[in-house]
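Me: I would be grateful for a close look at a single part of this protein. Please treat the annotated positions and their surroundings in one connected account.

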Amino acid sequence: MKIIFVLYFTILLPLALAQLKVGFYKTSCPRAESIVKAAVQKRFNTEKSITAALLRMHFHDCFVRGCDASILIDSTNKSRSEKESGPNLTVRGYELIDEAKKALEKVCPSKVSCADIITLATRDSVVLAGGPSYDVPTGRRDGRVSNINEVNLPGPSLSVSQAFQSFKDKGLTMDDMVTLLGGHTVGVAHCSFFSGRLTNFQGRGKPDPSMDAGLVTTLKRICGNGSNPTAFLDQGTSFSFDNEYYRQIRAKKGVMKIDQELADDRLSSGIVSRFASNANLFRTRFAQAMVKMGNIQVLVGNAGEIRKNCRVINSK
């Protein structure tokens, strides 16, 4: 019986993913992608950092229950949602998704899922920051569950092999992981995520020896005011989506521990070197990896629902 179930599952999974397709809303909501794009453009015009925010939201959503927009659901008196978990307390961009959803509901009520809005908006923001343009397969459905206790995301202090286990569990390769972390080229991090590297690293009374001394000085100055500010993860071209992040970490200028370890660990250093020297390769692989991540445990067909309000599960 167990063997039959496994075979059944492995046959169904690719069939489910096959129901995602480019242009899914061509008939049901022809303006869907342009409406999302307009909302992202409006926000990007006043806040370039929205690219990093949406990349983080998309990643955090897909790594918990799959890409089903469960990260958007608000807590209720009866249950605490994913939003309240530690890793998600600094996730932002929710109001942009709300704006796009509101515009879509006026034109195409109950047609476009919140999960697809996140995926499309993330792609559009990457393009606006100078990153690759790529087709996004759509047709995802929205989940009806969001549980704070299910959030278990790879943290910035993990080793490469430890972080990779989380990616592997989602069907992603080491190359995919190194590629997706390249999104840090437009990212920021609160000082609390890396301050331990600046002074008393591992109780030794000195900064992390794997961090460039000049970067240590810069980050100490940024983090010195005590209000847990943010620092750019790419100290070179902070708002441009390019391969500078990989050049930086090869020069010992990785801000978070996992960033630097990508360049130093033999499991990932070769991939980092290739991306650092070949911007077009990184752009191509990033587009491929984003599409692959966007396929993680998606709900399709009659599974889930199309939420009317991305923050609230539809009433039965």
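Which residues does Thr185 touch, not counting residues up to four places away in sequence?

Reply: The structure is a predicted model, and the account below should be read accordingly. Beyond its neighbours up to four places away in sequence, Thr185 touches Asp234, Thr237, Ser238, Ser240, Phe241, Asp242, Glu244 and Tyr245. Thr185 itself is found in the loop that runs between helix H7 (174–180) and strand E1 (188–190). With a relative accessible area of 0%, Thr185 is buried.

Three of the residues touched by Thr185, namely Asp234, Thr237 and Asp242, share an annotation with it: in an unreviewed entry, UniProt gives "binding site" for Thr185, Asp234, Thr237 and Asp242. These positions span 58 residues in sequence, yet no two of their C-alpha atoms are more than 9.9 Å apart, so they gather at one spot.

Asp234 deserves separate attention. Asp234 lies in the loop between strand E2 (230–232) and helix H9 (244–250), and its relative accessible area of 0% makes it buried. The side chain of Asp234 makes a polar contact with the side chain of Thr185, at 2.9 Å. Leaving out residues up to four places away in sequence, Asp234 touches His184, Thr185, Gly187, Asp242, Glu244, Tyr245 and Gln248. Asp242, Glu244 and Tyr245 are thus touched by Asp234 and are also among the residues touched by Thr185.

A further annotation concerns His60, which UniProt lists under "active site" in an unreviewed entry. His60 is placed in helix H3 and counts as buried, at 6% relative accessibility. Apart from neighbours within four places in sequence, His60 is in contact with Ile71, Pro87, Asn88, Val91 and Leu153.

The helix that carries His60 also packs against other helices. The axes of H3 (residues 50–62) and H12 (residues 279–293) come within 10 Å and cross at roughly 40 degrees; the two helices are therefore oblique to each other. Leu55, His58, Phe59 and Cys62 of H3 form this contact with Phe286, Met290 and Met293 of H12. By class, the residues involved comprise six nonpolar, one polar and no charged.

Against H4 (residues 94–107), H3 packs at an angle of about 85 degrees, with the axes 10 Å apart, which makes H3 roughly perpendicular to H4. Here Ile50, Leu54 and Met57 in H3 meet Tyr94, Leu96 and Ile97 in H4, a contact with six nonpolar, no polar and no charged residues.

Definitions and conventions:
Residues numbered from 1 in each chain as written. Predicted model: local features only at pLDDT ≥ 70, side-chain atom pairs only at ≥ 80, totals over all residues. Heavy atoms only, no water. Axes fitted to C-alpha atoms, helices over the stretch in contact; angles between N-to-C directions. Helix = DSSP H or I, 4+ residues; strand = E, 2+ residues; numbered from the N terminus. Parallel < 35°, antiparallel > 145°, perpendicular 65-115°, else oblique. Contact = heavy atoms within 4.5 Å. Nonpolar A, V, L, I, M, F, W, Y, C, P; charged D, E, K, R; others polar. UniProt positions renumbered as here; feature names shortened; annotations may be inferred. Buried < 20%, exposed > 50% of the residue type's maximum accessible area, 1.4 Å probe, protein only. Polar contact = N/O pair within 3.5 Å; in protein donor to acceptor, adjacent residues only side chain to side chain.
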